[in-house]
Structure formats: C-alpha cells, structure tokens
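Good morning, colleagues. I should like to take you through one structure today, strand by strand and then side chain by side chain. Please keep the display in view as I speak.

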Amino acid sequence: MTILSGIAKSMQLMLRRPQRRQYAALCYRETSVGELEILLLTSRDTGRWVIPKGWPMGSKAGHEVARQEALEEAGVTGEAGAVPLGIYSYQKRMQDDFCVPCGVEVFPMRVTGCVDSFKEKGKRQLDWVSPSTAAARVAEPELRDLILRFATSFSPSA
C-alpha cells in the first residue's frame with residue numbers, strides 16, 4: 001500500500017501545481033529555392049526532438065527569451081517575432097523524476113546566421129528539416145499542430 005499512497009501523493013502535488021510558463025523559438029529559414037525548413041534539436045536529457053525553449057529571464061519579453069534560448073541551445077541568430085504563434089503544453093521532467101506542467105509560448109524566429117561557439121555546443125544534435133518531418137519528429141501534438149499551421153501560412157520572401 002505504501003507504493004500506492006506515494007503515487008497518490010505525487011498525483012495530488014502535480015494536480016495542485018499551476019502550469020509554469022516557458023518561451024520557445026520556432027527557428028526557420030528559407031532555402032535557395034524558397035522552401036521552408038525548421039530547426040529541431042535534441043533535448044539534453046531524453047534525446048527527444050524539440051525546439052529551443054527556456055524559462056523567463058527577469059524582465060525580458062517572451063520573444064527575447066526565445067531568441068536567447070535559440071542562441072544558447074542551437075547557436076543560431078536572427079529576429080524573433082513579438083507575436084506568438086501559439087502555446088503548447090508538456091510535462092517538464094525535473095530532478096527526481098518529478099514532472100511539472102508547462103505551457104510553452106512559441107515565437108517565430110527567422111534564422112539569419114549562426115555562431116561558431118555557443119553555450120550548449122556539442123550537447124545536442126541539430127537538424128534542419130521540412131515542416132512535415134519536424135511535425136512527425138516532435139512528441140507534443142500541440143507543437144506538431146503549431147508547426148504545420150506555421151508552414152501553411154508561410155510565404156516565401158521575394
């Protein structure tokens with residue numbers, strides 16, 4: 001019975017915790033033939049395909065946090081739009097396998113460059129892929145929908 005009571009206690013704690021907020025960059029670029037590519041990277045802990053994201057940073061606006069996370073996690077630079085594409089939810093695994101519900105506000109970021117040295121270089125795998133491949137790789141259904149909706153509305157630059 002102690003295992004069941006432990007599970008029940010953990011469930012009560014999870015249900016009582018408010019959803020935490022994170023900010024993410026949906027990094028994209030246009031190929032020389034006008035095709036859209038999305039940047040995915042692997043998470044450091046599980047190796048899942050994700051987009052750069054992180055916790056709030058003081059008084060920085062969400063799109064500025066997203067741009068900073070893209071630089072630190074993937075070494076890419078560019079401008080993040082100030083208007084979010086939407087929000088997706090997931091369970092953030094913390095230390096001791098405790099999960100916290102998170103809502104991630106996603107901002108579009110047109111990638112214009114990259115740097116040679118960045119904070120998490122070598123800790124993640126990076127891959128530029130088509131929107132359909134990106135949507136197939138990510139685990140969160142709401143993120144998948146955001147990627148596909150963004151791709152549908154994307155118009156190549158002139």
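Leu-26 stands opposite Pro-108, a residue of strand 7. The model before you is a predicted one, and this pair of residues is a convenient entry to its sheet. Strand 1, residues 20-30, and strand 7, residues 99-114, run parallel to each other and are paired over nine bridges.

Strand 1 has further partners. With strand 4 it pairs in the antiparallel sense over two bridges, and here Tyr-23 is the residue that faces Gly-54 of strand 4. Strand 2 is also antiparallel to strand 1, and three bridges join the two. One end of that pairing can be named: Glu-30 has Leu-36 in strand 2 as its bridge partner. Five residues lie between the strands of this hairpin, and among the residues of the hairpin, Gly-34 adopts a positive phi near 80 degrees.

As a general reminder, side chains in a regular strand alternate between the two faces of the sheet.

I turn now to helix 2. How far apart should the ends of helix 2 be, at 1.5 Å a residue? Its 13 residues, 62-74, should span 18 Å, and the end C-alpha atoms are indeed 18 Å apart, so expectation and model agree. Several residues of helix 2 are buried, including Val-65, Ala-66, Glu-69, Ala-70 and Glu-73. In general, an α-helix has 3.6 residues a turn, so residues three or four places apart point the same way. The buried residues of helix 2 pack against several strands, among them strand 1, strand 2, strand 5 and strand 8. Just beyond helix 2 comes Gly-75, with a positive phi of about 70 degrees.

Next, a loop residue. Ser-43 is placed in the loop between strand 2 and strand 3. Is Ser-43 buried or exposed? Its relative accessibility is 9%, and because the limit for burial is under 20%, Ser-43 counts as buried. The side chain of Ser-43 makes a polar contact of 3.2 Å with the side chain of Asp-45, and it also reaches the backbone nitrogen of Gly-47 at 3.0 Å. Leaving aside residues up to four places away in sequence, Ser-43 touches Arg-48, Val-50 and Arg-124.

The aromatic residues come next. How many aromatic pairs does the structure hold? There are five. Tyr-23 and Phe-107 form one that is tilted, with 6.3 Å from centre to centre and 45 degrees between the planes. This pair links distant parts of the chain, since Tyr-23 belongs to strand 1 and Phe-107 to strand 7, 84 residues apart. Tyr-23 and Phe-107 are both buried. The rings of Tyr-88 and Tyr-90 have centres 6.2 Å apart and planes at 35 degrees, so this pair is tilted. Tyr-88 is buried, with a relative accessible area of 1%, and Tyr-90 counts as buried at 9% relative accessibility. Finally, Tyr-28, Phe-150 and Phe-154 are linked by ring pairs into a cluster.

I close with the cysteines. The count of disulfides comes to zero. Cys-27 has 0% relative accessibility and therefore counts as buried, whereas Cys-114, at 64% relative accessibility, counts as exposed. Thank you for your attention.

Note on methods:
Residues are numbered from 1 along each chain as its sequence is written. Side-chain values use heavy atoms; hydrogens and water are left out. Helices (H or I, at least four residues) and strands (E, at least two) are DSSP runs, numbered from the N terminus. The expected span of a helix is 1.5 Å times one less than its number of residues. Buried means under 20% relative accessible area, exposed over 50%, partly exposed in between (1.4 Å probe, protein chains only). Contact means heavy atoms within 4.5 Å. Two strands pair if DSSP finds at least two bridges between them. A polar contact is a pair of N or O atoms within 3.5 Å; within protein, one must be able to donate a hydrogen and the other to accept it, and residues adjacent in sequence count only if both atoms are side-chain atoms. A disulfide is a pair of cysteine sulfur atoms within 2.5 Å. Rings of Phe, Tyr and Trp (its six-membered ring) pair if their centres lie within 6.5 Å; planes under 30 degrees apart count as stacked, over 60 as edge-to-face and the rest as tilted.
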